[in-house]
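Open the model in your viewer and keep the selection panel at hand. Each stop below says what to select next and what is there.

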Amino acid sequence: MIKKTLLANTAGVLAGVMLANAAMADDGPQYTFAEVGYDWIDFDDLDADGDGFRINGSIAATEMVHLFASYQDGEIDAGIVDLDLSRMRLGAGVNIELSPTVDLVATAAWVRYDLDANAFGSDTEDGYALGVGVRAMVAPQFELNAGVNYEDVSDEDDTSLSVGAVYSFTDMFAVTAGASFGDNVTEYGIGARLYFQ
(Lines give C-alpha, C1' and ligand atoms only; values in the text may rest on other atoms or scores of the structure.)
Protein backbone atom coordinates (compact mmCIF):
# COMPACT_ATOMS: atom_id res chain seq x y z
CA MET A 1 0.00 0.00 0.00
CA ILE A 2 2.85 2.41 0.83
CA LYS A 3 4.52 1.66 -2.52
CA LYS A 4 1.32 2.32 -4.46
CA THR A 5 0.63 5.54 -2.52
CA LEU A 6 4.17 6.79 -3.15
CA LEU A 7 3.91 6.01 -6.86
CA ALA A 8 0.53 7.71 -7.12
CA ASN A 9 1.86 10.84 -5.39
CA THR A 10 4.92 10.86 -7.65
CA ALA A 11 2.68 10.62 -10.72
CA GLY A 12 0.58 13.53 -9.45
CA VAL A 13 3.63 15.73 -8.89
CA LEU A 14 5.03 14.79 -12.31
CA ALA A 15 1.76 15.62 -14.04
CA GLY A 16 1.64 18.97 -12.24
CA VAL A 17 5.19 19.83 -13.28
CA MET A 18 4.46 18.84 -16.88
CA LEU A 19 1.36 21.02 -17.06
CA ALA A 20 3.00 23.96 -15.30
CA ASN A 21 6.04 23.97 -17.57
CA ALA A 22 4.34 23.08 -20.84
CA ALA A 23 4.37 26.69 -21.99
CA MET A 24 8.16 26.45 -22.35
CA ALA A 25 7.86 24.19 -25.39
CA ASP A 26 6.90 25.05 -28.95
CA ASP A 27 5.39 21.80 -30.33
CA GLY A 28 3.51 18.81 -29.01
CA PRO A 29 4.68 15.19 -28.79
CA GLN A 30 5.40 13.32 -32.04
CA TYR A 31 3.93 9.90 -32.88
CA THR A 32 5.95 8.70 -35.88
CA PHE A 33 9.27 7.16 -34.83
CA ALA A 34 11.40 4.03 -34.58
CA GLU A 35 13.38 3.08 -31.48
CA VAL A 36 15.87 0.49 -30.26
CA GLY A 37 16.54 -0.05 -26.57
CA TYR A 38 17.81 -2.19 -23.74
CA ASP A 39 15.68 -3.25 -20.77
CA TRP A 40 16.23 -4.66 -17.28
CA ILE A 41 13.35 -6.64 -15.75
CA ASP A 42 12.78 -7.83 -12.17
CA PHE A 43 10.01 -10.38 -11.49
CA ASP A 44 9.11 -9.65 -7.87
CA ASP A 45 7.07 -12.79 -7.13
CA LEU A 46 9.50 -15.22 -8.82
CA ASP A 47 12.77 -13.91 -7.37
CA ALA A 48 14.07 -13.73 -10.94
CA ASP A 49 15.52 -11.02 -13.13
CA GLY A 50 16.52 -10.58 -16.74
CA ASP A 51 17.55 -8.21 -19.47
CA GLY A 52 17.28 -7.94 -23.21
CA PHE A 53 16.93 -5.84 -26.32
CA ARG A 54 13.83 -4.07 -27.60
CA ILE A 55 12.69 -2.58 -30.89
CA ASN A 56 9.53 -0.51 -31.10
CA GLY A 57 7.89 2.07 -33.28
CA SER A 58 4.84 4.20 -33.82
CA ILE A 59 3.16 5.85 -36.80
CA ALA A 60 0.60 8.65 -36.80
CA ALA A 61 -2.38 7.41 -38.80
CA THR A 62 -4.33 10.65 -38.27
CA GLU A 63 -3.90 13.72 -36.06
CA MET A 64 -5.57 11.85 -33.19
CA VAL A 65 -4.81 8.16 -33.88
CA HIS A 66 -1.50 6.33 -33.94
CA LEU A 67 -0.53 2.70 -34.44
CA PHE A 68 2.35 1.08 -32.57
CA ALA A 69 4.31 -2.16 -32.30
CA SER A 70 7.11 -3.47 -30.09
CA TYR A 71 9.22 -6.59 -29.75
CA GLN A 72 11.40 -7.52 -26.77
CA ASP A 73 13.76 -10.48 -26.55
CA GLY A 74 15.88 -11.42 -23.56
CA GLU A 75 16.98 -13.95 -20.97
CA ILE A 76 15.70 -14.48 -17.44
CA ASP A 77 17.85 -15.86 -14.64
CA ALA A 78 15.48 -17.99 -12.55
CA GLY A 79 18.05 -19.76 -10.42
CA ILE A 80 18.50 -23.34 -11.62
CA VAL A 81 17.36 -22.56 -15.15
CA ASP A 82 17.76 -19.74 -17.64
CA LEU A 83 14.67 -18.82 -19.65
CA ASP A 84 14.37 -17.15 -23.04
CA LEU A 85 11.45 -14.72 -23.06
CA SER A 86 10.08 -12.62 -25.90
CA ARG A 87 7.15 -10.21 -25.85
CA MET A 88 5.32 -8.70 -28.81
CA ARG A 89 2.72 -5.94 -28.76
CA LEU A 90 0.55 -4.58 -31.58
CA GLY A 91 -1.90 -1.81 -30.86
CA ALA A 92 -3.46 1.56 -31.45
CA GLY A 93 -3.77 4.73 -29.45
CA VAL A 94 -5.87 7.87 -29.34
CA ASN A 95 -4.08 11.10 -28.46
CA ILE A 96 -6.21 14.01 -27.28
CA GLU A 97 -4.64 17.46 -27.18
CA LEU A 98 -5.01 19.05 -23.75
CA SER A 99 -2.85 22.01 -24.77
CA PRO A 100 -0.47 22.70 -27.67
CA THR A 101 2.27 20.82 -25.79
CA VAL A 102 0.36 18.25 -23.70
CA ASP A 103 -1.52 15.15 -24.92
CA LEU A 104 -3.74 12.70 -23.08
CA VAL A 105 -3.08 9.25 -24.59
CA ALA A 106 -5.21 6.09 -24.37
CA THR A 107 -3.96 2.80 -25.86
CA ALA A 108 -5.11 -0.77 -26.44
CA ALA A 109 -2.90 -3.62 -27.64
CA TRP A 110 -2.71 -7.35 -28.32
CA VAL A 111 0.14 -8.97 -26.39
CA ARG A 112 1.98 -12.26 -26.96
CA TYR A 113 4.59 -13.88 -24.69
CA ASP A 114 6.85 -16.70 -25.85
CA LEU A 115 8.73 -18.55 -23.11
CA ASP A 116 11.41 -21.13 -23.86
CA ALA A 117 12.82 -23.11 -20.93
CA ASN A 118 15.10 -25.12 -23.23
CA ALA A 119 15.00 -28.77 -22.07
CA PHE A 120 11.96 -28.04 -19.89
CA GLY A 121 9.78 -27.04 -22.85
CA SER A 122 8.20 -23.86 -24.18
CA ASP A 123 4.91 -21.98 -23.96
CA THR A 124 3.07 -19.19 -25.76
CA GLU A 125 0.41 -16.99 -24.16
CA ASP A 126 -1.77 -14.24 -25.63
CA GLY A 127 -3.61 -11.38 -23.95
CA TYR A 128 -4.32 -7.68 -24.07
CA ALA A 129 -3.04 -4.45 -22.58
CA LEU A 130 -4.77 -1.13 -21.88
CA GLY A 131 -3.18 2.15 -20.92
CA VAL A 132 -3.86 5.81 -20.24
CA GLY A 133 -1.31 8.52 -19.69
CA VAL A 134 0.05 11.98 -20.41
CA ARG A 135 2.85 13.10 -22.77
CA ALA A 136 4.12 16.64 -22.35
CA MET A 137 6.84 18.74 -23.95
CA VAL A 138 8.18 20.64 -20.93
CA ALA A 139 10.87 22.24 -23.13
CA PRO A 140 11.42 22.27 -26.91
CA GLN A 141 13.81 19.30 -26.68
CA PHE A 142 12.53 17.56 -23.54
CA GLU A 143 9.45 15.36 -23.06
CA LEU A 144 8.16 13.87 -19.82
CA ASN A 145 5.50 11.18 -19.79
CA ALA A 146 3.60 9.11 -17.25
CA GLY A 147 0.79 6.58 -17.37
CA VAL A 148 -1.13 3.72 -15.81
CA ASN A 149 -1.16 0.39 -17.64
CA TYR A 150 -3.15 -2.83 -17.27
CA GLU A 151 -2.15 -6.15 -18.84
CA ASP A 152 -4.07 -9.45 -18.81
CA VAL A 153 -2.38 -12.53 -20.25
CA SER A 154 -3.73 -16.04 -19.68
CA ASP A 155 -5.77 -15.00 -16.64
CA GLU A 156 -2.69 -13.36 -15.05
CA ASP A 157 -3.02 -9.59 -14.75
CA ASP A 158 -0.69 -6.78 -13.76
CA THR A 159 -1.30 -3.07 -13.17
CA SER A 160 1.68 -0.75 -13.43
CA LEU A 161 2.70 2.89 -13.27
CA SER A 162 5.14 4.04 -15.95
CA VAL A 163 7.27 7.19 -16.08
CA GLY A 164 9.68 8.27 -18.78
CA ALA A 165 11.68 11.02 -20.42
CA VAL A 166 12.78 11.81 -23.99
CA TYR A 167 15.60 14.21 -24.85
CA SER A 168 15.95 15.26 -28.50
CA PHE A 169 19.42 16.24 -29.70
CA THR A 170 18.07 17.12 -33.16
CA ASP A 171 14.68 17.10 -34.90
CA MET A 172 15.34 13.45 -35.84
CA PHE A 173 17.42 11.91 -33.02
CA ALA A 174 16.53 11.45 -29.35
CA VAL A 175 17.45 9.31 -26.36
CA THR A 176 14.86 7.83 -24.00
CA ALA A 177 14.74 6.49 -20.45
CA GLY A 178 11.85 5.01 -18.53
CA ALA A 179 10.67 2.80 -15.72
CA SER A 180 7.57 0.75 -15.00
CA PHE A 181 6.49 -0.30 -11.50
CA GLY A 182 3.92 -3.10 -11.49
CA ASP A 183 2.24 -5.46 -9.04
CA ASN A 184 4.54 -8.29 -10.15
CA VAL A 185 7.18 -6.78 -12.44
CA THR A 186 9.57 -3.83 -12.23
CA GLU A 187 11.19 -2.75 -15.49
CA TYR A 188 13.79 -0.14 -16.49
CA GLY A 189 14.88 0.80 -20.00
CA ILE A 190 16.98 3.12 -22.14
CA GLY A 191 16.75 3.70 -25.87
CA ALA A 192 17.71 5.63 -28.99
CA ARG A 193 14.90 7.04 -31.14
CA LEU A 194 14.62 8.33 -34.71
CA TYR A 195 11.70 10.60 -35.60
CA PHE A 196 10.25 10.73 -39.10
CA GLN A 197 8.49 13.97 -40.03
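**Stop one: a strand pair**

Select Val94: this residue stands opposite Ala106 in β5. The model is predicted, so local features need pLDDT of at least 70 and side-chain atom pairs count only at pLDDT 80 or more, while totals for chains, interfaces and linings use all residues. Residues are numbered from 1 along each chain as its sequence is written, and side-chain values use heavy atoms, with hydrogens and water left out.

Now widen the selection to β4 (residues 82-99) and β5 (residues 102-116). They pair in the antiparallel sense over 15 bridges. Two strands count as paired if DSSP finds at least two bridges between them. Strands are DSSP runs of E with at least two residues, helices are runs of H or I with at least four, and both are numbered from the N terminus. A hairpin of two residues joins β4 to β5.

**Stop two: the whole chain**

Zoom out and colour by secondary structure. The protein chain has one helix and 10 strands. Along the sequence the pattern reads α-β-β-β-β-β-β-β-β-β-β. A closed barrel of 10 strands runs β1-β2-β3-β4-β5-β6-β7-β8-β9-β10, with antiparallel pairing. From one strand to the next the twist averages 20°; axes are lines fitted to C-alpha atoms (for helices over the stretch in contact), and angles run from 0 to 180 degrees between N-to-C directions.

Colour by accessibility next. Of the 197 residues, 38% count as buried. Buried means under 20% relative accessible area, exposed means over 50%, and partly exposed lies in between (1.4 Å probe, protein chains only).

**Stop three: β1 and its neighbours**

Select β1 (33-43) and show side chains. In a regular strand the side chains alternate between the two faces of the sheet. Along β1, Phe33, Glu35, Gly37, Asp39, Ile41 and Phe43 point to one face and are buried. Ala34, Val36, Tyr38, Trp40 and Asp42 point to the other and are not buried.

Which strands pair with β1? On one side, β1 and β2 pair in the antiparallel sense over 11 bridges. Gly37 has Arg54 as its bridge partner in β2. β1 is also joined by 11 bridges to β10 (residues 185-195), again antiparallel. Here the bridge partner of Val36 is Ala192 in β10.

Pick Ile41 in β1. Is Ile41 buried or exposed? Ile41 is buried, because its relative accessible area is 17%. Draw a distance from its C-alpha to that of Asp51: the separation is 5.8 Å, with the two residues 10 apart along the chain.

**Stop four: β2 and β3**

Select residues 48-60 for β2 and 65-77 for β3. They pair in the antiparallel sense over 12 bridges. Gly50 stands opposite Ile76 in β3. Then pick Ala60, which lies in β2. Ala60 counts as partly exposed because its relative accessibility is 37%.

**Stop five: β5 to β8**

Step along the barrel. β5 and β6 run antiparallel and are joined by 15 bridges. Val111 stands opposite Gly127 in β6. β6 pairs with β7 (residues 142-153) in the antiparallel sense over 12 bridges. Ala129 stands opposite Glu151 in β7. Two residues lie between β6 and β7 in their hairpin.

β7 and β8 are antiparallel too, with 12 bridges. Find Phe142, which stands opposite Tyr167 in β8. In the hairpin of these strands, with two residues between them, Ser154 takes a positive phi near 50°.

**Stop six: the largest nonpolar core**

Select Ile41, Phe43, Ala48, Ile76, Leu83, Leu85, Val111, Tyr113, Ala117, Ala129 and Val153: these 11 residues make up the largest nonpolar core. Such a core is a set of buried Ala, Val, Leu, Ile, Met, Phe, Trp, Tyr and Cys residues joined through side-chain atoms within 4.5 Å. β1, β4 and β5 each supply at least two residues of this core.

**Last stop: a pocket**

Select Asp27, Gln30, Met137, Pro140 and Asp171, the closest to the centre of the second largest pocket among its 17 lining residues. On a 1 Å grid over the protein atoms alone, a pocket is an open set of points where a 1.4 Å probe fits, with protein on both sides within 12 Å along at least five of seven lines; lining residues have an atom within 4 Å of a point. The volume of this pocket is about 320 Å³, taken as the space filled by probe spheres set on the points, which are joined across faces, edges and corners.

Add β6 (122-139) and β8 (156-168), each of which supplies at least two lining residues. The lining divides into six nonpolar, six polar and five charged residues. Here Ala, Val, Leu, Ile, Met, Phe, Trp, Tyr, Cys and Pro count as nonpolar, Asp, Glu, Lys and Arg as charged, and the others, Gly among them, as polar.
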